[in-house]
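Visitor: I'd like a close look at just one part of this model, please. Could you pick a spot and walk me through what is packed around it?

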Amino acid sequence: PLDNIFDKEHIRNKRPIPYPSIREADIIWSKRVWRIIDLREKVNLPLYYPVTPSDDRFSLISLLLHGIKYEGLNAYSINDDEFKVRISRDDVNEAMGATLEITRVINPDTGIEEEVEVMRDERVDEVKQILVKEVWYFDRNYSRMDVRILGICPIREYTNPAGEVLKRQTFWINYPEARDLFARYEVFNTGNDAQRRSFDDIFIKRYFGSYIVQESNV
């Protein structure tokens, strides 16, 4: 049975908003900046929840992992944010904390406690920030200041065995490569369930809070 009064097709069949064409001769000023989106801020909570995928809803990091595993989305090394070095799914899992660990369990047959290796799940809930790389530019053809996002990088915040809180960049995603995926999944709208935005809408229309941490310099 359908758990709604209509079948959702608008977001499912949506395509990314086309970019306007740009000529190098029309760009008279540009600046690269890196900014942090803190997912704990109230305006950014729709990107953090649900921590566990629910129905047709994903959090931003869950959608990125889904795209890497099942839809051919490329992940790139954090050592170079110019998207030159691809990394494997195993590297992504390791960066997200999905590693083998030793745990002790009771054998149901013998009743004796034994050590076994288990694979941890990805620590999706530990991704508290998103690093965004973008270019601001002035286009004299359209007489306006505009911005293009180049890449996004999830940042894990976790506690090590010594009790220290650490931050770790996990992997880079080239934003233009991810736009088709972002356009087909919706983000929760607290005011209206019938008019939800896609992830692409959130980024293109700047429905998030952030602060700049770096700019291009010598």
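Guide: Before we start, one term: two residues are in contact when they have heavy atoms within 4.5 Å of each other. Keep in mind too that this is a predicted model. Our spot is helix α4, which runs through residues 175-183. Its buried residues are Y175, A178, R179, L181, F182 and A183. When you look down the helix, it helps to remember that an α-helix has 3.6 residues a turn, so residues three or four places apart point the same way.

What sits over those buried residues? The cover includes helices α2 and α5, along with strands β7, β9 and β11. Let's visit some of them, beginning with α2.

Helix α2 spans residues 60-70, and it is largely enclosed by the rest of the structure, because 9 of its 11 residues are buried. The buried ones are L60, I61, S62, L63, L64, L65, H66, G67 and I68. Just after this helix comes G72, with a positive phi of about 75°.

Now go back to α4 and find A183, one of its buried residues. A183 is in contact with K14, a residue that also touches R184, S198 and D201 (leaving aside neighbours within four places in sequence). K14 belongs to the segment before β1. You might wonder whether a lysine here is buried or exposed. K14 counts as buried because its relative accessible area is 17%, under the 20% cut-off. Its side chain also makes a polar contact of 2.5 Å with the side chain of D201. Those partners lead back to the cover of α4: S198 falls within β11 (197-198) and D201 within α5 (199-204).

That leaves β7, a strand covering residues 144-159. M145 is part of this strand, and M145 is partly exposed, with a relative accessible area of 46%. Together with I28 and W29, M145 makes a nonpolar surface patch of about 320 Å².

Further along β7 you can pick out G151 and use it to reach one last residue, D81. D81 and G151 are 70 residues apart in sequence, but their C-alpha atoms are 7.9 Å apart in space. D81 itself is in the loop between β2 and β3. Setting aside residues up to four places away in sequence, D81 touches W34, K133 and W172. With W34, the link includes a side-chain to side-chain polar contact of 2.9 Å.

Methods
Residues are numbered from 1 along each chain as its sequence is written. This is a predicted model: local features need pLDDT of at least 70, side-chain atom pairs count only at pLDDT 80 or more; totals for chains, interfaces and linings use all residues. Side-chain values use heavy atoms; hydrogens and water are left out. Buried means under 20% relative accessible area, exposed over 50%, partly exposed in between (1.4 Å probe, protein chains only). Helices (H or I, at least four residues) and strands (E, at least two) are DSSP runs, numbered from the N terminus. A polar contact is a pair of N or O atoms within 3.5 Å; within protein, one must be able to donate a hydrogen and the other to accept it, and residues adjacent in sequence count only if both atoms are side-chain atoms. Patches are made of residues with over 30% relative accessible area and no salt bridge: like charges are joined within 9 Å, nonpolar side chains (Val, Leu, Ile, Met, Phe, Trp, Tyr) within 5 Å. Accessible areas come from the Shrake-Rupley method with a 1.4 Å probe; for residues, only the protein chains shown count as cover. A salt bridge is a side-chain nitrogen of Lys or Arg within 4 Å of a carboxyl oxygen of Asp or Glu.
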